[in-house]
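This briefing is meant for a reader who is meeting the structure for the first time. Please keep the sequence and the model at hand while going through the points below.

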Amino acid sequence: MKEKIRPVFSVLLPVYNREKLIARAIDSILAQTLSDFQLIIIDDGSTDCTRKIIQGYEDDRIEYYYKENGGQNSALNLGLKKAQGEYIAFCDSDDKWLPDKLEKCFCLYQTDEEIAVVYHWTGVEDSKGNIRLARKDTVEGWCQKQVLEQGYLTSPTFLTCKSACFRKIGEFDTKIVNCQDDDLCFNLVKYYKVGLVKKILGVYYFDADNRKGNNIRTGADSYLALWKKHAAEALEVCGSMLLAEKYYIAAEKYAGIKDYSAMKKTLKKSAELSRCSLIKRIKLYMLYIKAVFSQYKGKGRLKSERGKS
């Protein structure tokens, strides 16, 4: 039997109910100038015509797997188990790549054997089809401190890494729902050197109808869970003020959804961590007072409404 040759890239494409958008992502991947890849499409329990659209493609590089709905991270973990490539690339089902994405990333890996993660600039497309730079990223090298300080590196659509990285960092954490992009990047930059292609090689779209960020409650919980998970390294690398600021942001998120109990707990943690200025402490306590007042006002309104019934 002829031995199967390992592909250069394994491309992971998780999808859930994207019948209107999935073809755009698949077509952009199949159009790559570097054609030596395995495209693993993991359908996380779609109930629309997503499966039919995917099965309409006739390309030996495509592997399609259908599973019960369990969230994007569980789909990605299945994809990792099926991956055979030397490098891993990701594409969200509502985004697209430009044709030379894989080629440019692969070339950068060849310039420095220490580089284990490569990402590139992100583009956005206007109503006329023009692609412009969304954000001019500059972080590269051994950059854990910078990534933690800014709170992100990039989205997986615009990131690749050596498949060996996952033997070190493990699979995707299914408890981190909305911030899995940042969780992945925090894990990678902790151990690996990063390369940056200063060119737009992928396009991010805002038109998806079921992006994970739509659930505000899940977003607040995931943000707090992310920083709790990476608290030890943030304290060691960046100091307590950074973590205090992240807890403060989490508290603001809870205030936004009127979960004042979670907000107060998170604010307390922020205050404990920060040896901050008087102005900062005043802001913390003002937010706390606002939360207490809102709770009291809400309870009074509820009692009044009950009295009328």
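In this predicted model, one aromatic cluster is formed by F9, Y87, F106 and Y109. The structure holds nine aromatic pairs, and the pair of F9 and Y87 has ring centres 5.3 Å apart and planes at 35°, so this pair is tilted. F9 belongs to strand β1 and Y87 to strand β4, and the pair thereby links distant parts of the chain, 78 residues apart.

**Aromatic rings**

- Both partners of the tilted pair count as buried, F9 at 0% relative accessibility and Y87 at 4%.
- The rings of Y204 and F206 have their centres 4.7 Å apart and their planes at 75°, so this pair is edge-to-face.
- Y204 is partly exposed, with a relative accessible area of 23%, whereas F206 counts as exposed at 65% relative accessibility.
- A pair of aromatic rings is described by the distance of the centres and the angle of the planes.

**Charges over rings**

- R24 has its charged end over the ring of Y205, at a distance of 3.6 Å from the ring centre.
- K253 lies over the face of Y223, and here the distance to the ring centre is 5.1 Å.

**Salt bridges**

- The structure holds 17 salt bridges, and one of them joins D94 to R18, with the closest N and O atoms 3.5 Å apart.
- D94 lies in the loop between β4 (87–90) and β5 (96–97), while R18 lies in the loop between β1 (9–15) and α1 (22–30), so this salt bridge ties together parts that are 76 residues apart in sequence.
- D94 counts as buried at 1% relative accessibility, and R18 is buried as well, with a relative accessible area of 8%.
- K175 and D173 form another salt bridge, in which the closest N and O atoms are 3.5 Å apart.
- In that pair, K175 is exposed, with a relative accessible area of 65%, whereas D173 is buried, with a relative accessible area of 14%.
- Through salt bridges that share partners, D173, K175, D183 and K229 are joined into one network.

**The surroundings of E233**

- A salt bridge brings together the side chains of E233 and K190, at 3.9 Å from N to O.
- This pair links distant parts of the chain, 43 residues apart, with E233 in helix α9 (residues 231–238) and K190 in helix α7 (residues 180–191).
- E233 counts as buried at 10% relative accessibility, while K190 is partly exposed, with a relative accessible area of 38%.
- The side chain of E233 is also joined to the side chain of H230, by a polar contact of 3.0 Å.
- Which residues does E233 contact once its neighbours within four places in sequence are left aside? They are Q144, L148, F186, K190 and C238.

**The hairpin of β6 and β7**

- Strand β6 (residues 115–125) and strand β7 (residues 131–135) run antiparallel and are joined by four bridges.
- V124 has R132, in β7, as its bridge partner.
- The two strands, β6 and β7, form a hairpin with five residues between them, and in the turn G129 has a positive phi of about 85°.
- In a regular strand the side chains alternate between the two faces of the sheet.

**E63 in strand β3**

- E63 is found in strand β3 (residues 62–66), and this residue is buried, with a relative accessible area of 18%, which falls under the 20% that sets the limit for buried residues.
- The side chain of E63 makes a polar contact of 3.0 Å with the side chain of Q38.
- Where does E63 stand relative to I42, in sequence and in space? The two residues are 21 residues apart in sequence, and their C-alpha atoms are 8.4 Å apart in space.

Technical notes:
Residues numbered from 1 in each chain as written. Predicted model: local features only at pLDDT ≥ 70, side-chain atom pairs only at ≥ 80, totals over all residues. Heavy atoms only, no water. Salt bridge = Lys/Arg side-chain N within 4 Å of Asp/Glu carboxyl O. Buried < 20%, exposed > 50% of the residue type's maximum accessible area, 1.4 Å probe, protein only. Pairing = 2+ DSSP bridges. Phe/Tyr/Trp six-rings, centres within 6.5 Å; stacked < 30°, edge-to-face > 60°. Lys NZ or Arg CZ within 6 Å of the ring centre and 35° of its normal. Polar contact = N/O pair within 3.5 Å; in protein donor to acceptor, adjacent residues only side chain to side chain. Contact = heavy atoms within 4.5 Å.
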